[in-house]
Amino acid sequence: MKIAIVGISGAVGQEFLRVLEERNFPMDELVLFGSARSAGSVYTFRGKQITVKELKHNDDFKDIYIAFTSAGGGTSLEFADTITKHGCIMIDNSSAFRMEKDVPLVVPEVNAADAKNRPRNIIANPNCTTIQMVVALKPLEDISHIKRVHVATYQAASGAGAAAMDELATQHQQIVRGETPTVDKFAYQLAYNLIPQVDVFTDNGYTKEEMKMYHETQKIMHSSIEVSAMCVRVPALRAHSEAIWIETEQPISVEEARAAFSKADGIVVEDDTANKKYPMPLFVASKDPVFVGRIRKDISNPNGLSFWCVGDQIKKGAALNAVQIAEYLLK
C-alpha cells in the first residue's frame, strides 16, 4: 500500500513524516510530493531516503491509496481531480473543501463515521482551533446538548507556518540585541505582543478564522450549536490555547464534566488548581492529546460551564488528526 504526502516541505508536511513514523502507520511505500522548487529534495523516513517528486497533472497517484495534502488551498483545488481520479483518497488539510456538502469534515473522536461517505474521495481536515474545541465539546454534548459556545483563542505562531515560528524567534533575538525586529509574517511584531486578528476580517466584523469555528463546529457535530469566537495571535510557538464558555440545555456539574473529560478519547485532564496544575502551551507542544483544565461553573449562567483547553496546533490541529482519519479508514 502506497501513501503520499503532498506539501512535504511545510511545517505540517514535516509533521506528517514524524507522526507516520511515531505511529508505525502501515504502508509499503511513502511517496513525497512538492513544488518545482522542492522537487529533488531528500527526506529520511524509517531509515530510507526518499526523493521529493514534483506535483504534476499526470498519473502519479494511480497506485496511491491515501494522500495527505498540505500545500495550501489553491494547490488542493487545482490538483484534487488529479489526485483522486484513480481512487486515491485525499485527506486535505487546507480550507478548500471544508464546507462543501459532498466532502466530510472529520475529527475522529467526534464524527469518524462521516469519513465513510466521501463521494468525491476527499475528506477535509478541519481548522486547528475547531479540532481541539470539538474534541473537548463532544463528551459534554453527550451529557446535554450544547446550545451556545463563547470561545477566546490564544493561537501560536505555528498557525502561520514554519517561517512565522522562525520570525517569532528572530524577533526576540533582535529585541535583545537592541535591533528593530523584522515584521513580515504578521501585521505587527508578535514578540512581547498580542494581535487580535487571525485571518482577514469579514463584513460582520468577525475574521475568517472566527467564522470557520462557527460553521465547522456545526458541520462536525451535526448540530445547531451557536459559536461566537474571538481569535488572538499570541507569542507562543506551536500550541494553541482556548478559553471556552458553554451553555447546555440541562446543567452539567463540574464533577460530571471532569468525569466525562477523563473518559473521553484524546483528552487529558490537568485540573488541580490547588497545586497550580493546568494545561499550558509550553508543556503541551509536540504531544498528541487535547489537554483540559480550569473546569468550573459559569457563575453568570445556571446552565453554563467554563474550561480551558490546549492542543498542539501542528499535531492534533493538523497532521495527527489527518493520520487518525486514515487509521479509521483502514480499521
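1. Start with the open sheet in this predicted model. Six strands make it up, in the order 5-2-1-6-7-8, and the pairing is parallel. Strand 5 (53-54) and strand 8 (122-124) sit at the edges with a single partner strand each, so one side of each has no neighbour in the sheet. If you want a spot to look at inside the sheet, try strand 6 (residues 64-69) and strand 7 (residues 89-92): they pair in the parallel sense over four bridges, and Thr-69 stands opposite Asp-92 of strand 7.

2. Now the helices that pack on this sheet. Helix 1 (residues 11-22) touches strand 1 (2-6), strand 2 (29-34) and strand 6, and its direction makes about 150° with that of strand 1. Helix 9 (residues 315-330) packs on the sheet too, touching strand 6, strand 7 and strand 8; the angle between its direction and that of strand 6 is about 160°. Strand 6 is thus touched by helix 1 and by helix 9.

3. Helix 9 has a helix partner as well. Helix 4 (residues 128-141) packs against helix 9 at an angle of about 85°, and the axes are 8 Å apart. Angles of 65 to 115 degrees count as roughly perpendicular, so helix 4 is roughly perpendicular to helix 9. On the helix 4 side, the contact is made by Cys-128, Ile-131 and Val-135; helix 9 brings Lys-316, Gly-317, Ala-318 and Asn-321.

4. Helix 5 (residues 162-176) is worth a quick geometry check. How far does helix 5 reach from its first C-alpha to its last? For its 15 residues the span is 22 Å, close to the 21 Å expected at 1.5 Å a residue. Its buried residues are Ala-164, Met-165, Glu-167, Leu-168, Gln-171 and Gln-174, so do note that Glu-167 and two Gln residues appear in that list under the 20% cut-off. After the helix comes Gly-178, with a positive phi near 80°.

5. On to the rings: a search of the whole structure turns up five aromatic pairs. One of them joins Tyr-154 and Trp-308, tilted, at 5.4 Å centre to centre with 55° between the planes. This pair links distant parts of the chain, with Tyr-154 in strand 9 (residues 146-155) and Trp-308 in strand 14 (residues 304-312), 154 residues apart. Buried or partly exposed? Tyr-154 has 32% relative accessibility and counts as partly exposed; Trp-308 is partly exposed too, at 21%, against a cut-off for buried of under 20%.

6. Strand 14 also takes part in another ring pair. Phe-261 and Phe-307 meet edge-to-face, 5.2 Å centre to centre and 65° between the planes. Phe-261 belongs to helix 7 (residues 254-263) and Phe-307 to strand 14, with their positions 46 residues apart in the chain. Here both residues are buried. Elsewhere, ring pairs link Phe-16, Phe-25 and Phe-68 into a cluster.

7. Last, have a look at Ser-241, found in strand 11 (residues 239-248). Its relative accessible area is 3%, so Ser-241 counts as buried. Which residues is Ser-241 in contact with, leaving aside neighbours within four places in sequence? The list is Gln-132, Ala-152, Thr-153, Tyr-154, Pro-281, Trp-308, Cys-309 and Val-310. Tyr-154 and Trp-308, the tilted aromatic pair, are thus among the contacts of this buried serine.

Conventions
Residues are numbered from 1 along each chain as its sequence is written. This is a predicted model: local features need pLDDT of at least 70, side-chain atom pairs count only at pLDDT 80 or more; totals for chains, interfaces and linings use all residues. Side-chain values use heavy atoms; hydrogens and water are left out. Two strands pair if DSSP finds at least two bridges between them. Contact means heavy atoms within 4.5 Å. Axes are lines fitted to C-alpha atoms, for helices over the stretch in contact, and angles run from 0 to 180 degrees between N-to-C directions. The expected span of a helix is 1.5 Å times one less than its number of residues. Buried means under 20% relative accessible area, exposed over 50%, partly exposed in between (1.4 Å probe, protein chains only). Rings of Phe, Tyr and Trp (its six-membered ring) pair if their centres lie within 6.5 Å; planes under 30 degrees apart count as stacked, over 60 as edge-to-face and the rest as tilted. Angles under 35 degrees count as roughly parallel, over 145 as roughly antiparallel, 65 to 115 as roughly perpendicular and the rest as oblique.
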